[in-house]
Amino acid sequence: MIKGKTKSGFEYELNEKVLNNYELVENIAEIEENPLAITTIVKQLLGKDGTKRLKEHIRDENGIVTTDKMMEEIVDIFQNSGKETKNS
């Protein structure tokens, strides 16, 4: 498992196998043509419970989970996934 924390303080755990999933790479490549692919990417990366926790973490004072903030968090997770603590 890879454990980390985003700049905003969201703590996450990633299964290393998820990062080595070719279908995740396909979805990332598709995001430019289909921005809605982000929903699949987030679920593949964090799972159902992790996705729910992230949405609650970034929800604004009006109750909205902005796409911009979600993208920032996911980019932060990808940028740091190789630098964080790895536990088997």
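Begin by selecting glutamate 33, which is exposed, with a relative accessible area of 76%. The model on display is a predicted one. Glutamate 33 sits in the loop that runs between helix H2 (22-30) and H3.

**The negative patch**

Keep glutamate 33 selected and add Glu23, Glu26, Glu30 and Glu32. Together with Glu33, these residues gather in a patch of negative charge on the surface.

**The positive patch**

Next, move to helix H3, which spans residues 37-58, and select lysine 48 within this helix. Lysine 48 counts as exposed because its relative accessibility is 74%, and the cut-off for that class is over 50%. Now add Lys43, Lys52 and Lys55 to the selection. With Lys48 they form a patch on the surface, here of positive charge.

**The nonpolar core**

Which residues of the largest nonpolar core touch the most other members? Select Leu14, Leu45, Leu46, Leu54, Ile74 and Ile77 to see them; the core as a whole has 16 residues. Colouring by secondary structure is useful at this stop, as strand E2 (11-14), H3 and helix H4 (67-80) each supply at least two residues of the core. The largest share comes from H3, which provides seven residues.

**Salt bridges between strands E1 and E2**

Side chains of opposite charge can pair when their charged atoms come close. The structure holds five salt bridges, and the tour now visits some of them.

Select glutamate 13 and lysine 3 and display their side chains. The two form a salt bridge in which the closest N and O atoms are 3.8 Å apart. Glutamate 13 belongs to strand E2 and lysine 3 to strand E1 (residues 2-5), so this pair ties together parts that lie 10 residues apart in sequence. Are these two partners buried or exposed, or partly exposed? Glutamate 13 is partly exposed, at a relative accessible area of 44%. Lysine 3 also counts as partly exposed, at 37% relative accessibility.

Then select glutamate 11 and lysine 5. Their side chains meet in a salt bridge, with a distance of 3.7 Å from N to O. Glutamate 11 has a relative accessible area of 49% and is partly exposed. Lysine 5, at 47% relative accessibility, counts as partly exposed.

**The salt-bridge network in helix H4**

Proceed to helix H4 and select glutamate 73 with lysine 69. Both residues lie in this helix, four residues apart, which is about one turn of the helix. A salt bridge joins them, and its closest N and O atoms are 3.5 Å apart. Is glutamate 73 buried or exposed? Glutamate 73 counts as buried because its relative accessibility is 3%, whereas the cut-off for buried is under 20%. Lysine 69 counts as partly exposed, at 24% relative accessibility. Add Glu72 to the selection: salt bridges that share partners join Lys69, Glu72 and Glu73 into one network.

**From the end of helix H4 to distant parts of the sequence**

Remain in helix H4 and select asparagine 80, which is found there. Asparagine 80 is buried, with a relative accessible area of 16%. Add lysine 7 and draw a C-alpha to C-alpha distance. How far apart in space are asparagine 80 and lysine 7? They are 10.0 Å apart, while 73 residues separate them in sequence.

The last selection is serine 81, located in the loop between H4 and strand E3 (85-86). Serine 81 counts as buried, at 10% relative accessibility. Add threonine 6 and draw the C-alpha to C-alpha distance again. Serine 81 and threonine 6 are 10.0 Å apart in space and 75 residues apart in sequence.

Notes. Residues are numbered from 1 along each chain as its sequence is written. This is a predicted model: local features need pLDDT of at least 70, side-chain atom pairs count only at pLDDT 80 or more; totals for chains, interfaces and linings use all residues. Side-chain values use heavy atoms; hydrogens and water are left out. Patches are made of residues with over 30% relative accessible area and no salt bridge: like charges are joined within 9 Å, nonpolar side chains (Val, Leu, Ile, Met, Phe, Trp, Tyr) within 5 Å. Accessible areas come from the Shrake-Rupley method with a 1.4 Å probe; for residues, only the protein chains shown count as cover. A salt bridge is a side-chain nitrogen of Lys or Arg within 4 Å of a carboxyl oxygen of Asp or Glu. Lys and Arg count as positive and Asp and Glu as negative; His and the chain ends are not counted. The place of a charge is taken as NZ of Lys, CZ of Arg, CG of Asp or CD of Glu. Buried means under 20% relative accessible area, exposed over 50%, partly exposed in between (1.4 Å probe, protein chains only). A nonpolar core is a set of buried Ala, Val, Leu, Ile, Met, Phe, Trp, Tyr and Cys residues joined through side-chain atoms within 4.5 Å.
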